[in-house]
Amino acid sequence: MRLASYAFLTEADWTRRIDELDRIAARCELCPRRCGVNRLAGERGFCGAPGGLVLSSIFPHHGEEPPLSGTGGSGTVFFTHCTLKCVFCQNYQISHEQEGRTFSEEELAGKMLGLQAKGCHNVNLVTATHFLPWVLRSLRLAAESGLAIPVVYNCGGYELGETIDLLKDVVDIWLPDMKYGRNEPARLYSKAPDYVEINQAAIRRMFRQVGPLRCDPAGIARRGLCIRHLVLPNDQSASRDVLAFLQQTFDPQDVFISLMAQYRPLHGADRHALIDTRVDAREYETIKRGFIAAGFEGFYQDPEKLDAAFVIDFKTRKEESLNGS
Ligand code: SF4
């Protein structure tokens, strides 16, 4: 098995990264909210996360993009709380309702090794930014015990450059969202009026770090960038602006896109008329044609073939996944 990048980090490499993340968390600037609270002392900021790990669910996920799920599944680790908390969050049970329980670093390390033993192709950290000092300590423990599959960093794309830099050679596959192409809906739905600038800078930085998505002969992703864009109804994700940025910034052949049609009006979406509905299939198809015409390859969903399975019930899922090995 080809080893992931973090398998080659030295003790000094790990220590430097973890010390720096501890320093950042002590006046928390782990994400662009820059709350300044002392997370190491248990203070909480916008995300609501305490000091230490809180997780909702860990399991081999067979519904991620094909290069990630492959045949063995993607080893998803869903962290509780979130730095964005979008009103329509498709995982609102963990981001808003704080479904989950505390974990020790050793326990998480054991779970990651368990995912590898089950044949998962990667460890897929879902929304981990607000727990990064503790996550890296767990990863270090797991790496010392033989974890060697790639780490996927699955995030909302609202990330600081310093944080991205500290994950160089820890993360092999960046899996960020581009949620919005304009700041007004980002302000309205995610309380992030600076989302677009921060997101676009983050995407550029991630690409410089890992390059295009590269797969092994079996089609399983080993390293690179995959960008997710969840199309919101009534142009609320400003998909044409997202596409325009990508066209201006990248060679289309270098970027793997996952264009998602699976939006459901969940949680607080009913307070906003424009997103209180499913995405119209014709609207998705128009956006999809634009991406394809521009030369972007990747994963495109068929809106007619989607079912409710894309929405995970974390209240039932945690029973089967946190307690098992
Ligand atoms: S990780 Fe949480 S506490 Fe830290 S800056 Fe972001 S929202 Fe604030």
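Which residue stands opposite F78 in β4? The answer is V126, and the first view of this predicted model is centred on that strand.

**View A. Strand β4 and its pairing with β2 and β5.** Strand β4 comprises residues 123-126. On one side it is covered at V123 and L125, on the other at N124 and V126, and these residues are all buried. Strand β2, residues 74-79, pairs with β4 in the parallel sense over four bridges. Within this pairing, F78 is the residue that stands opposite V126. Strand β5, residues 151-155, also runs parallel to β4, to which it is joined by four bridges. N124 has V152 in β5 as its bridge partner. Between β4 and β5 the chain passes through helix α5, residues 132-144, in a right-handed β-α-β crossover.

**View B. The largest nonpolar core around L125.** The largest nonpolar core has 90 residues. Those touching the most other members are F79, F88, L125, L139, L246 and F291. Helix α8, residues 195-210, supplies the largest share of this core, with seven residues. In soluble globular proteins, nonpolar side chains tend to be buried together. Beyond four places in sequence, the contacts of L125 include V77, F79, V135 and L139. L125 is likewise in contact with V151, V152, Y153 and N154. Another core, of eight residues, lies apart from the largest one, and L68, V152, L175 and A221 are among its members.

**View C. R140 of helix α5 and its two acidic partners, E11 and E144.** The side chains of R140 and E11 form a salt bridge with an N to O distance of 2.8 Å. This pair links distant parts of the chain, since R140 lies in helix α5 and E11 in helix α1 (residues 11-26), 129 residues apart. R140 counts as buried because its relative accessibility is 17%, under the 20% limit. E11, by contrast, is partly exposed, with a relative accessible area of 47%. R140 also forms a salt bridge with E144, in which the closest N and O atoms are 3.7 Å apart. R140 and E144 are four residues apart in helix α5, so about one helical turn separates them.

**View D. A salt bridge within helix α1, and a network elsewhere in the sequence.** R23 and E20 are joined by a salt bridge whose closest N and O atoms are 2.6 Å apart. Both residues lie in helix α1, with a spacing of three residues, about one turn of the helix. R23 is exposed because its relative accessible area of 53% is over 50%. E20 counts as partly exposed, at 27% relative accessibility. A network of salt bridges links R182, D235, R240 and D241. The structure holds 19 salt bridges.

**View E. D165 in helix α6.** Helix α6 spans residues 161-166 and contains D165. This residue is partly exposed, its relative accessible area being 36%. With its neighbours within four places in sequence left aside, D165 is in contact with R205 and Q209. The C-alpha atoms of D165 and L132 are separated by 13 Å, and the two residues are 33 apart along the chain.

How values were computed:
Residues are numbered from 1 along each chain as its sequence is written. This is a predicted model: local features need pLDDT of at least 70, side-chain atom pairs count only at pLDDT 80 or more; totals for chains, interfaces and linings use all residues. Side-chain values use heavy atoms; hydrogens and water are left out. Helices (H or I, at least four residues) and strands (E, at least two) are DSSP runs, numbered from the N terminus. Buried means under 20% relative accessible area, exposed over 50%, partly exposed in between (1.4 Å probe, protein chains only). Contact means heavy atoms within 4.5 Å. Two strands pair if DSSP finds at least two bridges between them. A crossover is right-handed if, with the strands pointing away from the viewer, the path from the first strand over the helix to the second runs clockwise. A nonpolar core is a set of buried Ala, Val, Leu, Ile, Met, Phe, Trp, Tyr and Cys residues joined through side-chain atoms within 4.5 Å. A salt bridge is a side-chain nitrogen of Lys or Arg within 4 Å of a carboxyl oxygen of Asp or Glu.
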